[in-house]
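User: Hi! Could you walk me through this model and tell me how each label is earned?

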Amino acid sequence: MSWARRAVPAAVAAVAAIAARDLLQRDHALRRNFPVLAHARYLIESIGPELRQYVVAGNDEERPFTRDQRRWVYASAKQENNYFGFGTDNDIEHTAGYPIIKHRTFGRAVPPSAPGAGHDVTLPCAKVLGAARGRAGAFRPESVVNISGMSFGSLSGNAVQALNRGAALAGCLQNTGEGGLSPHHRQGGELVFQLGTAYFGCRDERGRFSLERLKDLVADAPVRALEIKLSQGAKPSLGGLLPAAKVSAEIAATRGVPEGQDCVSPSRHAEFSDCDSLLDWVELLAAETGLPVGIKSAVGDLGFWEELTTLMRDTGRGVDFVTVDGGEGGTGAAPLIFSDSVSLPFQQGFSRVYRTFAERDLHEQVVFVGAGKLGLPDNAVVAFALGADMVNVGREAMLAIGCIQAQKCHTDTCPTGVATQNAWLARGLDPARKSVRAANYIRTLRRDLVKVAEACGVEHPGLIGTDAVEILDGRTASTPLDQVYGYRPEWGLPSAADRAEIVRLMTAEGPRGGSAPPSPTAVG
Ligand SMILES: Cc1cc2nc3c(=O)[nH]c(=O)nc-3n(C[C@H](O)[C@H](O)[C@H](O)COP(=O)(O)O)c2cc1C
Ligand code: SF4
């Protein structure tokens, strides 16, 4: 037999063996879904830096998440080395708007010396959610990093499961998104239940909101708070449509809609039509469920916020938390003009909303949550300095469970099984394994936040003030964060009592750091 005749069957057998191994393994969704072919991607990725250096894009050019940012999330999720060598490749000196965090040489909090320290640190919210308004179910969220609302429907059941189990492992909350509370959300993680315009999961046969169904739902699941969705940064003021083909029996049952028919979300709520009726509804939900109630919104016209806060101040009714979603936020699907141009980016939108509350002296009574690429530590630190008490992570959590930023979420062909209802593609995502990655990523983000806080001389990221951040205007000038956004001194921080309590909680096991012991392994 010639050499070629022997080689061909051997090659076929080798490919078959690789295909079988890919199909049977559970670590990589891409390999399970695209056996053999997926290796080409890994190969190209492994020589990506060299290819890009000469041919394609740089480490900081891709959007919405740059290669560096994704590499950091992937490595953190896999608990691999997430450090970067040689120094920054960002063009700090020439990038207007670049935030610089100012460390302190002799701060109150001293970082521990061990490189891995802080990975398992608990990082609770500096405010007690619902306490200011005396809600029966008021509680201190265990984690300042939580998982943002992404519905079952836009995400696969396996992705929702991975995130819910990840939330349980990391001790954080998962927001259900507006698509209702599915069996995939019942894997041990605690929840924030989101009420969108279609009231999925708590609507009657005619599609109207049903208080009884909501009460049954929250009594039967680990729901800790309710979030009324007014709008989303990537598509404010738009309703939604889940096409008939995607409305499976499971989705239909979760949402309370007929199977196999187009599932429409209106663009406006039917339960309220202005700030006054919104506040009435908030108080009704809080009284009937005992849970803290908040709103989620993108920021456009400020008139809504001014009216809302004036009514809160004058009438005593009010929301327990406000989630501000930046215009740079994500979506499963939206028209380009809405994603690109409608609603303010996070920092501008959030600071305007915070100021509106602070001017009426309400800022210490409300928990502020931020979203919009805040799963990256530098963005999150600026958010905390501006007054955020917690951050929600959406797409970064998707990256942690395998998303490769193919940006096909709207086509139902997501190659990694994250954002699809295609059963074959979704089965590639193993919820048990990916939940560990979600949890690792969240823990790493929390650790980085603690480390930056300590570098700034404080014990908790919520104590980082606007004085710790400057925004570069270019090579020769920068502006302190409070001046950029018109903040008064003390704005951006919790009340004195909340500050004292969070310091007590963070130092309960004794002060960390102190004089550094001799460090024989220091590498500098
Ligand atoms: C696939 C997907 C589905 C989403 N579904 C919802 C939703 O149901 N309700 C909602 O309020 N926001 C939804 N969002 C927005 C996110 O909750 C979040 O506010 C936004 O993506 C900003 O966070 P990020 O930059 O960390 O992704 C969705 C985002 C994505 C990517
Ligand atoms: S891999 Fe692509 S299609 Fe899938 S979730 Fe990520 S961006 Fe969306």
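**How the labels are earned**

Analyst: Happy to. In this predicted model, G149, G330, K373, R395 and E396 come nearest to ligand 1, among the 24 residues around ligand 1.

User: What makes the approach of G149 to ligand 1 a polar contact?

Analyst: A polar contact is a pair of N or O atoms within 3.5 Å. An oxygen atom of ligand 1 is 2.7 Å from a polar backbone atom of G149, so the pair qualifies. The side chain of S151 places an N or O atom 2.8 Å from an oxygen atom of ligand 1, and the side chain of Q194 has an N or O atom 2.8 Å from a nitrogen atom of the ligand. Both of these pairs are within 3.5 Å too.

User: How much of ligand 1 does the protein bury?

Analyst: The protein buries 98% of the 610 Å² that ligand 1 exposes when taken alone.

User: Which helix gives the most to the shell around ligand 1, and how do the shell residues divide?

Analyst: That is helix α14, residues 395–400, with three residues. By class, the shell holds 13 polar, seven charged and four nonpolar residues. Glycine counts as polar in this scheme, so G149 and G330, two of the nearest residues, belong to the polar class.

User: How do you know that β1 and β12 are paired?

Analyst: Two strands pair if there are at least two bridges between them. Three bridges join β1 to β12 (residues 469–472), so the requirement is met. The two strands run antiparallel, and I100 stands opposite E470 in β12.

User: Why are β1 and β13 said to stand at the edges?

Analyst: The open sheet has three strands in the order β1-β12-β13, with antiparallel pairing. β1 (99–101) and β13 (478–480) each have a single partner strand, so one side of each is left without a neighbour in the sheet. From one strand to the next, the twist averages 30°.

User: What makes the protein as compact as a globular protein of its length?

Analyst: The protein has 18 helices and 13 strands. Its radius of gyration is 24 Å, close to the 24 Å that the globule rule gives for 524 residues, so the protein is as compact as a globular protein of that length. The C-alpha trace spans about 95 × 65 × 45 Å along its principal axes.

User: What is notable about the backbone at P64 and Q79?

Analyst: Most peptide bonds are trans, and most residues other than glycine have a negative phi. The bond from R63 to P64 is cis, with omega near -5°; P64 is found in the loop between α4 (48–54) and α5 (67–77). Q79, in the loop between α5 and β1, has a positive phi of about 55° although it is not a glycine.

How values were computed. Residues numbered from 1 in each chain as written. Chains lettered and ligands numbered in written order. Predicted model: local features only at pLDDT ≥ 70, side-chain atom pairs only at ≥ 80, totals over all residues. Heavy atoms only, no water. Near = heavy atom within 4 Å. Polar contact = N/O pair within 3.5 Å; in protein donor to acceptor, adjacent residues only side chain to side chain. Areas by Shrake-Rupley, 256 points an atom, 1.4 Å probe, with all protein chains shown as cover. Helix = DSSP H or I, 4+ residues; strand = E, 2+ residues; numbered from the N terminus. Axes fitted to C-alpha atoms, helices over the stretch in contact; angles between N-to-C directions. Rg over C-alpha atoms; globule rule 2.2 N^0.38 Å.
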